[in-house]
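Biologist: Before we look at any single residue, could you show me how one reads the overall features of a model and then its details?

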Amino acid sequence: HPATSTNMSKEISKLMMAEKMASEKIAEARAARNEKMKNAKREAQILIDEYRKEKEKSYQESLEKTLGTSGSESENLQRQTDAEVSKMKQDFERNKSTVINMLVGAVCSVTCVVPEGRKRNMPQDD
């Protein structure tokens, strides 16, 4: 049986060598898979960042258009309001003296007239 035990020993040795090679292959495959996953994750992050930048730019442009329009309308309204206030101030300054003279004249030109109805009801001094 010595030939058989030597054969068996060789076979066991081959089997162990094959097992070792398989373990090394599996380790290499796992390392390669991990590396591929890391690369895929990096590439995906780059795509996500680019997409985010694109959407952010689009949002900012949209926001500028919206605020720009509102800003213009607000500015127009402010200009119109300022023009109307200015016109009112001019009208006030132009008519101020006329109104003052009219009020002073009305206050100073009081005529004291006792109404006829009052005169009849007043006691008379005989």
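Modeller: We shall go from the whole chain to single residues, keeping in mind that this is a predicted model.

Biologist: How many helices and strands does the secondary structure of the protein come to?

Modeller: The count gives two helices and zero strands. One of them, helix α1, covers residues 2–108, and both Ser86 and Ala44 are found in helix α1.

Biologist: What does the radius of gyration say about how spread out the protein is, set against the globule rule?

Modeller: The idea is to set the radius computed over C-alpha atoms beside the value that the globule rule gives for the chain length. Here the radius of gyration is 52 Å, whereas the rule gives 14 Å for 126 residues, so the protein is more spread out than a compact globule. The box filled by the C-alpha atoms, taken along the principal axes, is roughly 175 × 40 × 15 Å.

Biologist: Which C-alpha separations within the chain could I check for myself in the model?

Modeller: Take Ser86 and Gln45, which are 41 residues apart along the chain and whose C-alpha atoms are separated by 59 Å. For Ala44 and Asn7, 37 residues apart along the chain, the C-alpha separation is 54 Å.

Biologist: What percentage of the residues of the protein count as buried?

Modeller: A residue counts as buried under 20% relative accessible area and as exposed over 50%, with partly exposed in between. By that reading, 0% of the 126 residues count as buried. Ser86, at 34% relative accessibility, falls between the two cut-offs and is therefore partly exposed, and Ala44, with a relative accessible area of 34%, is likewise partly exposed. The accessible surface of the protein comes to about 12300 Å², and 58% of this surface belongs to carbon and sulfur atoms.

Biologist: How far apart are the mean positions of the positive and negative charges of the protein?

Modeller: One averages the places of the charges of each sign and takes the distance between the two means. For the 23 positive and 21 negative charges of this protein, that distance is 8 Å.

Biologist: How many disulfides does the structure hold, and where is the nearest cysteine sulfur to that of Cys108?

Modeller: The structure holds zero disulfides. For Cys108, the nearest cysteine sulfur is that of Cys112, 13 Å away, and since a disulfide needs the two sulfur atoms within 2.5 Å, this pair does not qualify. Cys112 is likewise in no disulfide. As for accessibility, Cys108 is exposed at 62%, and Cys112 also counts as exposed, at 78%.

How values were computed: Residues numbered from 1 in each chain as written. Predicted model: local features only at pLDDT ≥ 70, side-chain atom pairs only at ≥ 80, totals over all residues. Heavy atoms only, no water. Helix = DSSP H or I, 4+ residues; strand = E, 2+ residues; numbered from the N terminus. Rg over C-alpha atoms; globule rule 2.2 N^0.38 Å. Buried < 20%, exposed > 50% of the residue type's maximum accessible area, 1.4 Å probe, protein only. Areas by Shrake-Rupley, 256 points an atom, 1.4 Å probe, with all protein chains shown as cover. Lys, Arg positive; Asp, Glu negative; His and termini not counted. Charge placed at Lys NZ, Arg CZ, Asp CG, Glu CD.
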